[in-house]
Every structure is written in structure tokens, then in C-alpha cells.
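Reader: I'd like to learn how to read the packing of two helices. Could you walk me through a case?

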Amino acid sequence: MDLEMVFNELSARTLAPDISTARQWMSELIRTMVAAKGCGLKAMRTKEDFSAIILAENYPLSRWRNDNEVNREERTFLRTLATKTPLSVDIPDIEIKIKVEDPDCELSLQGSQTEGFKVAHYLETLAISLNSESLWNSSRIKLELIQIDDNEELIEESVELIHASQKNHVLEHADWIKKRLQSERINGMELWNRRDELFPSLQFCEAGNKQLRRLRAGEERLQLVLEILYQIEDCAKNWKMGYFSLDGTSIEVSGESKPTLDKYRKERTFVCPDGKERLFEQHAKIRQHNWRIYFFLEVSEVGIRKVIIGYVGTHLPSVNYPT
């Protein structure tokens with residue numbers, strides 16, 4: 001599946017005060033989309049026919065397309081840009097499609113539900129906006145997500161979305177987009193074979209990562225695993241002294257209770273690349289699929305720091321969830 005940008009329909013709720021301002025907004029949006037295409041995004045998803053957007057009073061986008069006062073290259077670009085509507089069309093991953101279309105899964109911004117941001121969140125891609133309000137002049141947007149997880153528990157959490165309303169925002173995300181494009185093409189076995197290249201600051205235990213190696217290219221679980229591993233990698237390469245910190249990441253980390261470790265210690269003990277067995281207790285949560293990523297932090301007597309990934313896979317047994 002190609003990586004696509006998603007249009008934020010809320011950015012069209014505010015009309016420009018005049019046609020001149022509407023033209024400026026569109027010029028900035030076109031520069032943003034050109035930059036996104038230059039980074040490898042192939043098309044744009046929209047809630048409805050993009051031409052139906054009203055930019056200013058008596059000035060719909062359809063009129064902008066034929067406005068001789070508008071730069072011809074801008075109009076040509078928009079005509080040739082592949083757009084997809086409705087937002088959920090042609091999503092090959094059925095799990096993502098179900099979440100996108102699930103009315104019980106809500107994503108909201110300041111109390112307003114947003115379909116475009118919801119699709120961008122689950123496709124893990126770039127959301128773009130008209131720079132029609134100061135709210136949209138940001139490279140990241142924080143939203144509130146309410147959903148039911150695999151254990152039928154109600155989850156309320158804050159999520160951050162990669163966003164752009166101007167060219168500089170896209171350039172800020174260029175490395176992130178590059179990594180996302182890689183995740184669309186790579187499968188679990190290729191990730192495993194290239195782990196030293198993709199994650200040079202991490203070590204991986206072989207036995208605990210069998211489920212990781214079976215993941216398919218484009219599968220949501222693989223994309224979520226990659227997102228967390230990339231964040232751990234960034235923190236690991238900057239770990240020069242003191243405590244290892246995941247501050248500033250979106251990773252939800254937990255430890256294990258003593259009763260769980262007493263009963264299920266063996267299930268959390270893995271042979272590491274140096275041949276030693278270690279007990280893995282800290283783990284990152286992937287709530288959407290009830291998966292976990294267990295990691296171990298070690299500082300040797302001579303100051304060598306290790307971040308070891310012991311296990312990537314389904315929830316391990318615990319005293320609360322024995323199976």
C-alpha cells in the first residue's frame with residue numbers, strides 16, 4: 001500500500017475573509033502537498049469531493065481551479081494529484097479499515113470529531129490542512145482517542161499526529177516519512193535480517209522474536225512495532241550517561257508485579273546475544289493488538305550501555321491474564 005497524505009476537513013470550516021486570502025491559503029496548501037509528494041507520499045485522501053470545499057464566500061474550490069489569477073502550475077498540480085474519497089476506500093489491511101469505520105472509536109480535537117485525523121492516525125501517515133486558523137500552524141496536533149481494546153476495556157488516551165500546513169512542516173517530518181515508507185515495504189523477516197542496519201543501537205534476542213519475524217509487510221502490528229523500535233533506537237543512541245530515558249516519546253511503558261515475576265519468571269527470561277540469560281521486566285504496550293515489547297537495560301562496569309529487545313509478541317501470561 002502506498003503512503004498517502006490525508007486532508008483535515010476541519011481546516012475548511014473557516015472561510016477566508018476574501019478571495020485574495022483564499023488564493024494565499026491554497027498556494028500554501030499546494031506547496032505543502034508538493035513537498036509531501038517529493039518525500040514519497042503518492043496521493044491524498046479526502047472526506048468528500050475536494051472540489052466541493054468552499055474557500056470564501058462565493059468562491060468554492062471549483063472556481064479556484066478555473067481562476068486565471070491563480071498560478072497555472074498550482075492548478076495543474078491539483079488536477080493531476082490523485083485523490084481518494086471516501087476516506088476509507090481501498091484500505092487493504094482489514095483491521096485498520098474496521099477501526100477507521102468503527103463508530104465506537106472516536107478521535108476528537110477540542111470536542112470536535114474529525115474523520116480525516118482518525119484515518120491519518122490509523123494509517124500512520126501525514127495529515128495536511130489549510131492554514132486557515134492558528135490551530136493548524138503546527139507540525140504536530142494533539143488529539144483525544146476513545147476506543148475499546150482487545151480486552152473490551154474502554155481506553156481514553158491522548159495521541160499526537162504528524163501534521164503539516166506549510167512546506168517547512170513537511171521538511172521537518174522528512175526522516176519520519178522515510179522510515180514510514182520503509183515500514184510499508186518491509187516484512188518481519190526482512191526487519192530481522194536488517195536489524196543491525198535499522199537499529200544499530202539495539203540488540204535482539206532470537207528466541208523471543210519469532211512472532212516479529214512472521215509479521216507481513218504493511219500489517220498494522222508491524223507498523224506499530226517499528227514505530228516503538230525507532231523511538232527506542234533514538235533514545236538508545238543518545239544514552240551516553242545517567243539513566244535511560246524514554247521521555248518525549250509516545251511509548252507507554254510498564255514493569256511487572258512481583259506476583260507475576262514469581263509465577264511467570266521463565267516466560268520472561270531470554271538468552272541474549274552474548275549467551276547470557278536475562279530476566280526482562282520492562283515492556284512497551286501496543287494496546288490495539290494486545291502486544292508487548294520487552295527490553296532490558298544494562299550498564300557494564302566499564303560504562304558500556306546495552307538496550308536489548310528480548311521479546312516482541314502477544315501479551316505474556318500474568319497473574320491477571322494467565323492465558
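Author: Happy to! This is a predicted model, and a good place to begin is a handedness: the crossing of α4 and α5 is right-handed.

Reader: Which numbers describe such a pair in general?

Author: Two packed helices are described by the angle between their axes and by the distance separating those axes. Here, α4 and α5 pack at about 155°, and their axes lie 10 Å apart. That angle makes α4 roughly antiparallel to α5, because angles over 145 degrees count as such.

Reader: Which residues of α4 and α5 meet?

Author: From α4 come Ile96, Lys99 and Val100, and they meet Lys118, Val119, Tyr122 and Leu123 of α5. By type, the residues of this contact are five nonpolar, no polar and two charged.

Reader: Why do residues three or four places apart in an α-helix point the same way?

Author: An α-helix has 3.6 residues a turn, so such residues point the same way. Now look at α4, residues 94-101, where Ile96, Lys99 and Val100 are buried. They lie on the same side of α4, because their arc around the axis is only 100°. The face turned away from that buried side carries Ile94 and Ile98, which are exposed.

Reader: What do the buried residues of α4 pack against?

Author: They pack against two helices, α5 (115-123) and α11 (220-237).

Reader: And how many helices and strands does the chain have?

Author: There are 12 helices and 17 strands in the chain. Of its 323 residues, 50% count as buried.

Methods. Residues numbered from 1 in each chain as written. Predicted model: local features only at pLDDT ≥ 70, side-chain atom pairs only at ≥ 80, totals over all residues. Heavy atoms only, no water. Buried < 20%, exposed > 50% of the residue type's maximum accessible area, 1.4 Å probe, protein only. Helix = DSSP H or I, 4+ residues; strand = E, 2+ residues; numbered from the N terminus. Arc of directions from axis to C-beta. Contact = heavy atoms within 4.5 Å. Axes fitted to C-alpha atoms, helices over the stretch in contact; angles between N-to-C directions. Parallel < 35°, antiparallel > 145°, perpendicular 65-115°, else oblique. Left-handed = near helix turned anticlockwise from the far one by under 90°. Nonpolar A, V, L, I, M, F, W, Y, C, P; charged D, E, K, R; others polar.
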